[in-house]
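User: I would like to go through this fold step by step. Please keep the answers short.

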Amino acid sequence: MSIYLRILALVAFSFFSCSSTDDNPPQIITPDEDIYFPPINSDVWETKTTASLGWNESELQPLLDFLEEKNSRSFMILHNGNIVVESYFNGHTATLPWYWASAGKTLTTAITGIAESEGFININNKVSDYLGASWTSAPIDKENLITCKNLLSMNSGLNDALGSDVSPANLQYVADAGTRWAYHNVYVKLQDVVAQASGNSWDNYFNIKLKNRIGMTGAWIPNEDLNVYWSNTRSMARFGLLVYADGKWGDQQIIPANFLNDAVNTSQNLNQAYGYMWWLNGKSTYRLPQVQFQFNGSLVPNAPNDMYCALGRDDQKIYIVPSKKLVVIRMGNSADETNFALSGFDDELWVRINAFTD
């Protein structure tokens, strides 16, 4: 954790002040009111009261107390785009950045879809079409089985037990692409694919095509073999709102709707609860990082079945619930023990969110 805190100290002052089986597929949004989008380059963000929504206001403080007790730094609830709850804990503030960890994988998903819509890539093409041969140490016939979609879906067939290093020597063959699901840092190669195909740097392409268009702040910070996004909490909420709105910001389609629909539904037949780096609730089975075991039941039993979410190390969370018109953000340290994605905290938190919002 110390590396994250050192990065936080370095960047806080400088740049963040500027700018398939689907048991319960996510619902298409048909709101009875327009989705609210906060203006670009502004601190203005309209709110709603709990009273106007008929929520249980007496349950708000217990929810916030729980979040503070569980090492949270920030928490937001949006209803159809309007802020209902925005709270900061343990010395954190609205302007301070925090790391997204693996919740930021979904940013790479979004950019991959944008690059495909612009004709730079095709996710069904093999990765070596863009990066050249021998980007792994797999036999060439096995390497050529790995498509960009396999990286999005976490079924590349490469060895997930060798750490986060994505140098060719560390990307070793275990099984044919599409036959084994394993949570693997190799997804980051999609950033190289986009950069190579677009003729732009990853950071520039991301800023132009996504970050600046929805008013996010933040930056990608290299951390050994990882590329971690850091931002303030509202920027994470802006991205969650974009995805909730089927990839639109106002009247602009940012992420292609068809691609995003595929991203938040089951992407392969090995892990029902995984789309294109989005985790999916309400399925009958799921798999988790670092184990080759299928669990029965829903990912987060106490959460709505149509919820899909971005989950990051140490309990970084973006929850999206179309049926309840909610985007929920949690940033902070690990609630309990260090984890890679899902933890018991998710279910405990949703007990309290339900008590407040139902």
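User: Which residues of β13 are buried on one side, and which on the other?

Analyst: This is a predicted model. Strand β13 covers residues 326-332, and seven of its seven residues are buried. Both faces of β13 are therefore covered. One side holds L326, V328, R330 and G332; the other holds V327, I329 and M331.

User: In what order do the six strands of the open sheet run?

Analyst: Strands of a sheet pair through backbone hydrogen bonds, either parallel or antiparallel. Here the pairing is antiparallel. β1 is joined to β13, and β12 is joined to β13 as well. The full order is β2-β1-β13-β12-β11-β8.

User: Which strands stand at the edges of that sheet?

Analyst: The six-strand order begins with β2 and finishes with β8. Each of these two has a single partner strand, so one side of each is left without a neighbour in the sheet. The edge strands are β2 (82-88) and β8 (279-280).

User: How many bridges join β1 to β13?

Analyst: Strand β1 spans residues 72-79 and also pairs with β2, over six bridges in the antiparallel sense. In that pairing, M76 has E86 of β2 as its bridge partner. Towards β13, L78 is matched with V327. The strands β1 and β13 run antiparallel, and the number of bridges between them is seven.

User: Which residue of β13 is the bridge partner of I318?

Analyst: Strand β12 covers residues 316-321 and runs antiparallel to β13, with five bridges between the two. I329 is buried in β13. The bridge partner of I318 is I329.

User: Which residue in the turn between β12 and β13 has a positive phi?

Analyst: β12 and β13 form a hairpin. Four residues lie between the strands. The phi in question is about 60 degrees, and the residue is K325.

User: What phi does E224 take in the hairpin of β4 and β5?

Analyst: β4 (residues 219-223) has four of its five residues buried. β4 pairs with β5 (residues 226-231) in the antiparallel sense over five bridges. N223 has L226 of β5 as its bridge partner. Two residues sit between the strands, and E224 takes a positive phi near 55 degrees.

User: What distance separates the end C-alpha atoms of α10, and what span should its 12 residues give?

Analyst: Helix α10 runs over residues 233-244. At 1.5 Å a residue, its 12 residues should span 16 Å. The model agrees, with the end C-alpha atoms apart by 16 Å.

User: How many residues of α10 are buried?

Analyst: Buried here means under 20% relative accessible area. Among the residues of α10 that pass are R238, F239 and Y244. T233 and S235 are buried too. Of the 12 residues in α10, the buried number 11.

User: Why is the protein called as compact as a globular protein of its length?

Analyst: The protein has 12 helices and 13 strands. For 358 residues the globule rule gives 21 Å, and the radius of gyration is close to that, so the protein is as compact as a globular protein of that length. The C-alpha atoms fill a box of roughly 60 × 45 × 40 Å along the principal axes. The radius of gyration itself is 19 Å.

User: How far apart are the mean positions of the positive and negative charges?

Analyst: The protein carries 24 positive and 37 negative charges. Its accessible surface comes to about 13,800 Å², with 47% belonging to carbon and sulfur atoms. The mean positions of the two sets of charges are apart by 3 Å.

Notes:
Residues are numbered from 1 along each chain as its sequence is written. This is a predicted model: local features need pLDDT of at least 70, side-chain atom pairs count only at pLDDT 80 or more; totals for chains, interfaces and linings use all residues. Side-chain values use heavy atoms; hydrogens and water are left out. The radius of gyration is taken over C-alpha atoms; the globule rule is 2.2 Å times the number of residues to the power 0.38. Accessible areas come from the Shrake-Rupley method with a 1.4 Å probe; for residues, only the protein chains shown count as cover. Lys and Arg count as positive and Asp and Glu as negative; His and the chain ends are not counted. The place of a charge is taken as NZ of Lys, CZ of Arg, CG of Asp or CD of Glu. Buried means under 20% relative accessible area, exposed over 50%, partly exposed in between (1.4 Å probe, protein chains only). Two strands pair if DSSP finds at least two bridges between them. The expected span of a helix is 1.5 Å times one less than its number of residues.
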